[in-house]
Amino acid sequence: MDRRTALKHSALIALLGIIDVKKLFAASGNNSEIRGFHKFNLGKLELRVITDGHILMKPVQPNFAPGISSTVVEKTLDANFASKSEVDLSINILVVQSASRTILIDTGCGANFGKDSGWLTENLVHAGIKPSEVTDVVISHAHPDHIGGLTDKDGQVTFPNARVYLSRIEHDFWMSNSPDFSKSKITDEGLKKMVVAVARKNITALKPQLHLFEDRAEILDCIRIKLAPGHTPGHCVVQVFSGQESLYHVADLVHSQVLVFEHPEWGFEGDTDFELAVKSRRKILNELALSRALVFSYHLPWPGLGHVKKQGEGFEWIQQPTVLPD
Ligand SMILES: [Zn+2]
């Protein structure tokens, strides 16, 4: 490397050093400047977004848009300046603090997906919350990247003092003798087995703490449940409210800020009922666009806050501008 190239290189590193996203996310060590969470208020509630890490999905197809012409899909990705080789899924965990409760919505991957995820408990501590202080956990659905953090690698319960809320439909699906994947496009039998095993392991371990809810349940004075089936049978959108203010946690209704917004019908291979998921996605994105509601997304880019806008036959994700984590 010649001197000019070296200088350019170090200038670039210095510039990247200001916004080193990995450092922000993998908050660790003694550096109190790096905490890796985002804090904001919703009415009387204090909300934090904490990262559990991320999951790299590659290739784009057939994870997304299975069966759609790759030329058409690549053209859409290209037009939106998105990678044609991978989709990087954030794992954004919402923490809701009311006067008396500390509520987690979903728990990340735990020890199920390697070192790129499973950072929730460490980052909770950085945000000033000990796992023992979590009073409630609301599970949007029982996939391993949402329920996996309920137990650690040894099977011990991570949040020993928390009540865990789960949809009755979701519970019954995963605990049934043979969960039905006949309407899914998942072809990997090993993946199906793993997903079922992690759901069962965690539901069983948490049985003494488990509270099953029905569609439209209102819990903890600040949460309303709305069933949005398809991704899984009991997959829920979680409305967090305080006074007149609301935020809609859309869980796994969407996994890409480009493909399933522009073409909700292109779908996601991991959906348990592919067509029902398309229907729920289109219906709820339409409602969110019409109501101009604040939306929180588990898998869209950090910290997952934004709005949904109608765009042609589809939709557009408008990310809310956010300063660096607190
Ligand atoms: Zn997920």
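## Briefing: cores, sheet and zinc site

The largest nonpolar core holds 46 residues, and Leu104, Leu124, Val137, Phe159 and Trp174 are the ones that touch the most other members. The model is predicted. Apart from this core, the points below cover an open sheet of seven strands and a zinc ion whose protein donors are Asp145, His146, Asp252 and His299.

**Nonpolar cores**

- Several elements give two or more residues to the 46-residue core. The strands among them are E2 (45–57), E3 (87–97) and E6 (163–167). The helices are H3 (70–79), H4 (120–126), H6 (168–175) and H7 (189–205).
- A second core, separate from the largest one, has 26 residues, including Leu47, Ile103, Phe213 and Val240.
- Leaving aside residues up to four places away in sequence, Val137 touches Leu104, Thr107, Leu150, Phe159, Ala162, Arg163, Val164 and Tyr165.
- In soluble globular proteins, nonpolar side chains tend to be buried together.

**Strands E3, E4 and E5**

- Strand E4 spans residues 102–105, and all of these residues are buried. Thr102 and Leu104 point one way from the strand, while Ile103 and Ile105 point the other way.
- Of these residues, Leu104 is a member of the largest core, whereas Ile103 belongs to the second one.
- E3 pairs with E4 through four bridges in the antiparallel sense. The two strands form a hairpin, with four residues between them, and Val95 has Leu104 in E4 as its bridge partner.
- E4 is also joined to strand E5 (residues 136–138), by three bridges, and these two strands run parallel. Here Leu104 stands opposite Val137 in E5.
- Leu104 and Val137 thus recur: both are named among the core residues that touch the most other members, and Val137 touches Leu104.

**Seven-stranded sheet**

- The strand order of the open sheet is E8-E9-E10-E11-E12-E13-E14, and the pairing is mixed. Strands E8 (218–219) and E14 (314–319) are the edges, each pairing on one side only.
- Helix H9 (residues 274–291) packs on this sheet, where it touches E9, E10 (236–242), E11, E12 (294–296), E13 (305–311) and E14. The direction of H9 makes about 100° with that of E13.
- E8 and E9 (residues 223–227) are antiparallel and pair over two bridges; within this pair, Glu218 has Arg224 in E9 as its bridge partner.
- Three residues lie between E8 and E9 in their hairpin, and Leu220 in the turn has a positive phi of about 60°.
- E9 and E10 run antiparallel and are joined by five bridges, with Lys226 standing opposite Val237 in E10.

**Zinc site**

- The donor atoms are OD of Asp145, NE2 of His146, OD of Asp252 and NE2 of His299, at 2.1 to 2.2 Å from the zinc ion.
- The arrangement is irregular because the four donor atoms subtend angles of 88 to 155° around the zinc ion. Four donors count as tetrahedral if all angles lie between 85 and 135 degrees, and the upper end of the range here is 155°.
- The spacing of the donor residues in sequence is D-H-x105-D-x46-H.
- Asp145 and Asp252 link distant parts of the chain, 107 residues apart. Asp145 sits in helix H5 (residues 144–147), and Asp252 in the loop between strand E11 (245–249) and helix H8 (259–262). Both aspartates, Asp145 and Asp252, are buried.

How values were computed. Residues numbered from 1 in each chain as written. Predicted model: local features only at pLDDT ≥ 70, side-chain atom pairs only at ≥ 80, totals over all residues. Heavy atoms only, no water. Donors = N, O, S within 2.8 Å, 3.2 Å for Na, K, Ca; no water. Tetrahedral: all angles 85-135°; square planar, octahedral: opposite > 155°, others 65-115°. Buried < 20%, exposed > 50% of the residue type's maximum accessible area, 1.4 Å probe, protein only. Pairing = 2+ DSSP bridges. Contact = heavy atoms within 4.5 Å. Axes fitted to C-alpha atoms, helices over the stretch in contact; angles between N-to-C directions. Core = buried A, V, L, I, M, F, W, Y, C linked by side-chain atoms within 4.5 Å.
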